[in-house]
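I opened the notebook to go through this fold piece by piece. The entries below follow the order in which I looked things up.

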Amino acid sequence: MDEVLLDARDIKKYFPITKGFVLMKTVGLVKAVDGISFSVNEGDTFGLVGESGCGKTTTSRLILLLEKLTSGSIFFRGKDIARLSAAELKSYRSSVQAMFQDPYGSLDPRMKVGNIIGEPIMINLGLSKVAIKERISEILNEVGLSPASAENYPHEFSGGQRQRIALARAIAINPSLVILDEPVSALDVSVRAQLMNLLMDIHERMGLTYIVIAHDLATVRHMSTRMAVMYLGKIAEYGSSEGVYIERLHPYTKALLSAALPSHPDAAGKEIILPGEVPSPVNPPSGCRFHPRCLYTKEICSQEEPLLESASSDHMVACHFWKDISD
């Protein structure tokens, strides 16, 4: 049985909306993540998919401890990350690293590449200066850059090369889990496949676990073994990546995948155009959050929230009528 590395249980993150300058009053809540649960096995690549504003990046920030949970729990190797001791917290922070979307904003322009990569090594591994320099050269080689790059500044590199530097920084201290937040969306199409293949090669060589956050479905399908489809702070569908892609049980998943480029021109199907806009997370719809845009909605959908239920041993869906609309 696969060992669970990270386990999120009914996690919520609400951001208060305040009014006034002196006597600030909370007048509402942005329900960015509203009670989701998922687990990531050791060595897996887990994908979180959805439109902008669905809560996937907030979820990653909760795992990285950049935001504090409103409620729920996140367990890492069986320990609640909100209850870690100081020593355990330091270990957790070094075990969980991230690679962010913007290759131009995520690297300090005043630091040389060697210092960018070397800083976490110095803080977390306590190596000598010689050993740190050797480690920097080794990691640059791992990501396909010359060790001589250590003497250059970020502005001297292309976007794809900067993402390789960001990856080098993330893996420099041998983490267990790396969160990839839209890792290729800011890059030219011509270099996306190269970087995705590099990420998967490093995943295999280092035995890493990935959480891939993206709205680009092709990226998630190429990289992930399991995935969750999010809509307005909730999980709509959850299971193996191939199972979700082939079966497409939730109406939102059907629409999302219909807009993606097919793997072969002959496989192109009819695109599903959803009516309306994504509702505000400040005042989400009652019942199923997707019902105002759903093509299959019925009265119960606006009244009762569907819970995730098993469609098979490895596939879950939150829809009242998924059995009637599956194709």
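**Entry 1: strand β6 and its neighbour**

I began with β6, which is joined to strand β7 (residues 177-181) by 4 bridges, the two running parallel. I count two strands as paired if DSSP finds at least two bridges between them. Helices (H or I, at least four residues) and strands (E, at least two) are DSSP runs, numbered from the N terminus. Within this pair, Met 99 has Leu 180 in β7 as its bridge partner.

A note on the source: this is a predicted model, where local features need pLDDT of at least 70 and side-chain atom pairs count only at pLDDT 80 or more, while totals for chains, interfaces and linings use all residues. Residues are numbered from 1 along each chain as its sequence is written, and side-chain values use heavy atoms, with hydrogens and water left out.

Next I checked the faces of β6 (residues 96-99): both are covered. Val 96 and Ala 98 are buried on one side, Gln 97 and Met 99 on the other. Buried means under 20% relative accessible area, exposed over 50%, and partly exposed in between (1.4 Å probe, protein chains only).

**Entry 2: the sheet of 8 strands**

I traced the sheet outward from there. It is open, has 8 strands in the order β6-β7-β8-β3-β9-β10-β12-β11, and its pairing is mixed. The edge strands are β6 and β11 (309-312), each of which pairs on one side only. From one strand to the next, the twist averages 20°.

Helix α2 (residues 86-95) packs on this sheet and touches β6 and β7. Its direction makes about 35° with that of β6. Axes here are lines fitted to C-alpha atoms, for helices over the stretch in contact, and angles run from 0 to 180 degrees between N-to-C directions. Contact means heavy atoms within 4.5 Å.

I then looked at strand β3 (residues 45-49) and strand β8 (residues 209-214), which pair in the parallel sense over 5 bridges. Leu 48 stands opposite Ile 213 in β8.

**Entry 3: helix α9**

Which strands does helix α9 lie across? I found α9 (residues 251-258) across β3, β9 (226-231) and β10 (234-240), running at about 105° to β9. The helix is mostly covered, with 8 of its 8 residues buried. Among them are Tyr 252, Lys 254 and Leu 257. The buried residues pack against β3, α7 (217-223), β9, β10, α8 (241-247) and α10 (322-325).

**Entry 4: the antiparallel sheet**

I turned to the other open sheet. Its 4 strands come in the order β2-β1-β4-β5, and the pairing is antiparallel. The edges are β2 (25-41) and β5 (79-80), each pairing on one side only. Strand β1 (residues 4-19) is joined to β2 by 13 bridges. I looked up one of the partners: Ile 11 bridges to Ile 36 in β2.

**Entry 5: α3 against α4**

The axes of helix α3 (residues 113-125) and helix α4 (residues 129-142) come within 10 Å and cross at roughly 115°. By class, their contact has 8 nonpolar, 2 polar and 1 charged residues. For these classes, Ala, Val, Leu, Ile, Met, Phe, Trp, Tyr, Cys and Pro count as nonpolar, Asp, Glu, Lys and Arg as charged, and the others, Gly among them, as polar. The α3 side includes Ile 117, Gly 118 and Ile 121; the α4 side includes Ile 132, Arg 135 and Ile 136.

**Entry 6: two residues**

Is Arg 135 buried or exposed? Arg 135 has a relative accessible area of 10%, so I log this residue as buried. I find it in helix α4. Not counting residues up to four places away in sequence, Arg 135 touches Ile 121, Ile 171, Ala 172 and Asn 174.

Asn 197 lies in helix α6 (residues 189-206). With a relative accessible area of 38%, Asn 197 is partly exposed. Its C-alpha atom is 9.1 Å from that of His 222, 25 residues apart along the chain.

**Entry 7: the whole chain**

Last, the totals. The secondary structure comes to 10 helices and 12 strands. Of the 327 residues, 48% count as buried. Along its principal axes the C-alpha trace spans about 70 × 60 × 45 Å.
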